[in-house]
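Colleague: Could you take me through this model, beginning with its surface and then moving inward?

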Amino acid sequence: MAFNTIEYAAVFQKELDKQVLEGSTSGWMEENAGQVIYSGGKEIKLPVVSTQGLADYDRDTGYSQGAVTFTYETYKMNQDRGRRFRLDAVDVDETSFAMSAANVASEFQRTRVIPEIDAYRYSTLAEQAGIKTDYTPDADDILSELTMQMGEIRDIIGDEEEMVVVISRPVYDTLLSSPEILKTIEVRGFKQGEVDFEFKYLNGTCIIPVSSARMKTGYNFLSSNDGGFTPAANAKDINWIITPRNAPIAVSKTDNVKIIAPENNQFADAWDIDYRKYHDLFLPKNKRDVVAVSTRG
């Protein structure tokens, strides 16, 4: 048979991973996963390096002996999600399957997977942030509130480290209505994956607007029926999250896109597309004190 379901599954998997990286507003967090050791399953390992500070130099004995500690912390990926799609053989023949399957996978990824991944990442980041404040956005003081909190982070990490602000779209619109904003904002490029975006920058920091539906402090990730996610009953609205760009580590694995042809399908005369995703967001303990979240009080 000319049609090779294994080859198509590999192509779909590669493209879906790429789509998450480039299509989600949090895709830039995946670029920090290069330091992750992943050998399959649910566990990953992150390196942790610690050193001692300077000590006095002695002219007789020379240098004080220093210690370097290099260890790995083990984390578990908690989000193990999946879904099966069925395309009836009568409706989709072999020649049109590739296009039909690609359309289904792309639409599913765009409208269901990416919003859920973003929502999970931002809620997790907000939960683990070391700096938490409540604020009700107002055009008269939002600029000073945001820049004050950005300055608090800058005071810790310095001016050389790249910083990112993700901000709820309604709060972003309030920020842009601030009387003083035009004096301090500029448009610059922001690279995510292989795609170059343009965002507004405030005092050299990229400001990324995000749908308010993805900016809550907690969600329920449903396991049956229509699936998907809904805000938790006690969830707060997130105004913004300020973080060094290299702090949040997002791991996203499309672990198995399986395609089953009708002649191999024991349950239906149909094509089955099985989709499974492992993913999670990790914030190393030594980075939590430099991440700030503002929620609506």
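Colleague: Which strand gives the most to the nonpolar patch?

Modeller: This is a predicted model, and in it Ile37, Val49, Val68, Phe70 and Tyr72 form a nonpolar patch on the surface, with about 490 Å² of accessible area together. Val49 is found in strand 2, which covers residues 43-51. The element that contributes most, with three residues, spans residues 68-76 and is strand 3.

Colleague: In what order do the three strands of the open sheet lie?

Modeller: Strand 1 (37-38) and strand 3 are the edge strands, since each of them pairs on one side only. Two bridges join strand 1 to strand 2, and these two run antiparallel. The pairing in this open sheet is antiparallel, and the order of its strands is 1-2-3.

Colleague: Which residue of strand 2 is the bridge partner of Tyr38?

Modeller: Strand 1 covers residues 37-38, and two bridges join it to strand 2. For Tyr38, the bridge partner in strand 2 is Ile44.

Colleague: Which residues have the most contacts inside the largest nonpolar core?

Modeller: In soluble globular proteins, nonpolar side chains tend to be buried together. The largest nonpolar core here has 23 residues, and those with the most contacts inside it are Val166, Phe190, Ile208 and Ile241.

Colleague: Which elements each supply at least two residues of this core?

Modeller: The core in question is the one of 23 residues that includes Val166 and Ile241. One helix and several strands meet the condition of at least two residues each, namely helix 2 (94-128), strand 6 (163-168), strand 8 (195-202), strand 9 (205-210) and strand 12 (238-244).

Colleague: How many residues are in the other core, which lies apart from it?

Modeller: Among the members of this other core are Ile142, Leu146, Val165 and Leu202. The core lies apart from the largest one, and its number of residues is 22.

Colleague: What does Phe190 touch, not counting residues up to four places away in sequence?

Modeller: Phe190 is one of the residues with the most contacts inside the largest core. Leaving out those sequence neighbours, its contacts are Trp28, Glu162, Val164, Val195, Asp196, Phe197, Phe199, Tyr201, Cys206, Ile208 and Arg245.

Colleague: Among contacts between residues at least 6 apart in sequence, what percentage join residues at least 24 apart?

Modeller: The protein has four helices and 16 strands, and buried residues make up 43% of its 297 residues. Among the contacts you specify, the share that join residues at least 24 apart is 74%.

Note on methods
Residues numbered from 1 in each chain as written. Predicted model: local features only at pLDDT ≥ 70, side-chain atom pairs only at ≥ 80, totals over all residues. Heavy atoms only, no water. Patch = residues over 30% accessible without salt bridge, like charges linked within 9 Å, V, L, I, M, F, W, Y side chains within 5 Å. Areas by Shrake-Rupley, 256 points an atom, 1.4 Å probe, with all protein chains shown as cover. Salt bridge = Lys/Arg side-chain N within 4 Å of Asp/Glu carboxyl O. Core = buried A, V, L, I, M, F, W, Y, C linked by side-chain atoms within 4.5 Å. Buried < 20%, exposed > 50% of the residue type's maximum accessible area, 1.4 Å probe, protein only. Contact = heavy atoms within 4.5 Å. Pairing = 2+ DSSP bridges.
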